[in-house]
Amino acid sequence: KSNVRDYLSTADIGFLPSEFSGESFPLLIIDSLFSGRPVVCSNLGESAEMLKTSSGDSAGITFDLENGKVPVEKLSKILIILANDNEKYQQILQKVPEAAEKFLIDSVAEKYIEVYKKVFRK
């Protein structure tokens with residue numbers, strides 16, 4: 001779909017229980033954050049870092065795979081907590097704008113320019 005963010009904005013969370021060990025930088029996380037939604041996902045690749053704010057707080061919850069598989073019972077407990085504990089949900093929801101900022105094109109371009117400047121100074 002070309003309007004993935006429209007769908008994500010109608011949800012309470014972005015949800016990515018992936019078992020793909022090659023997961024590196026899931027775009028679903030960026031789309032969820034840009035849709036104003038926190039994320040629950042497998043702790044693969046850069047997922048945890050992508051959700052992190054400058055204070056170290058997270059705009060979501062990551063979980064580790066167990067023997068390469070999604071731990072269904074553990075994941076269901078996470079979802080139940082978020083569904084029933086509005087305070088917990090609001091805590092991670094409030095982190096979404098800051099986590100999303102680092103993926104804005106201006107921020108990304110600025111970081112690339114800094115790297116290029118460092119390289120060319122040498």
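Colleague: What does the accessible surface of the chain come to, and how much of it belongs to carbon and sulfur atoms?

Modeller: About 8,000 Å², with 53% belonging to carbon and sulfur atoms. Bear in mind that this is a predicted model.

Colleague: How many of the residues count as buried?

Modeller: Of the 122 residues, 30% do.

Colleague: Take Asp 31, then. Why is Asp 31 called buried or exposed?

Modeller: Buried means under 20% relative accessible area. Asp 31 has 18% relative accessibility, so Asp 31 counts as buried.

Colleague: And Arg 5? What makes that one partly exposed?

Modeller: The partly exposed class lies between the 20% and 50% limits. Arg 5 comes in at 38%, so Arg 5 belongs there.

Colleague: How do you know that Arg 5 and Asp 31 meet in a salt bridge?

Modeller: The cut-off is a side-chain nitrogen of Lys or Arg within 4 Å of a carboxyl oxygen of Asp or Glu. Here the N to O distance is 2.7 Å, so the pair passes the 4 Å test. The two residues also link distant parts of the chain: Arg 5 sits in helix H1 and Asp 31 in helix H2, 26 residues apart.

Colleague: What makes Lys 95 and Asp 57 a salt bridge?

Modeller: Same reasoning: the closest N and O atoms are 3.1 Å apart, and the limit is 4 Å. Lys 95 lies in the loop between helix H5 and H6, and Asp 57 in the loop between H3 and strand E3, so the pair ties together parts that are 38 residues apart in sequence. Lys 95, at 25%, counts as partly exposed, and so does Asp 57, at 33%.

Colleague: How many salt bridges does a search of the whole structure find?

Modeller: It finds 6. Another of them joins Lys 52 and Glu 49, with the closest N and O atoms 3.4 Å apart.

Colleague: Now the inside. Which residues make up the largest nonpolar core?

Modeller: There are 12, including Ile 29, Leu 33, Val 39, Leu 51, Ala 59 and Phe 103. Helices H2, H3 and H6 and strand E2 each supply at least two residues of this core.

Colleague: Why is that set called a core?

Modeller: Because a nonpolar core needs buried residues of the listed nonpolar kinds, joined through side-chain atoms within 4.5 Å. Apart from it lies another core, of 10 residues, with Ile 61, Phe 63, Leu 82 and Ile 92 among them.

Colleague: What does Val 39 touch, leaving out residues up to four places away in sequence?

Modeller: Gly 14, Ile 29, Ser 32, Leu 51, Ala 59, Gly 60 and Ile 61.

Terms used: Residues are numbered from 1 along each chain as its sequence is written. This is a predicted model: local features need pLDDT of at least 70, side-chain atom pairs count only at pLDDT 80 or more; totals for chains, interfaces and linings use all residues. Side-chain values use heavy atoms; hydrogens and water are left out. Buried means under 20% relative accessible area, exposed over 50%, partly exposed in between (1.4 Å probe, protein chains only). Helices (H or I, at least four residues) and strands (E, at least two) are DSSP runs, numbered from the N terminus. Contact means heavy atoms within 4.5 Å. Accessible areas come from the Shrake-Rupley method with a 1.4 Å probe; for residues, only the protein chains shown count as cover.
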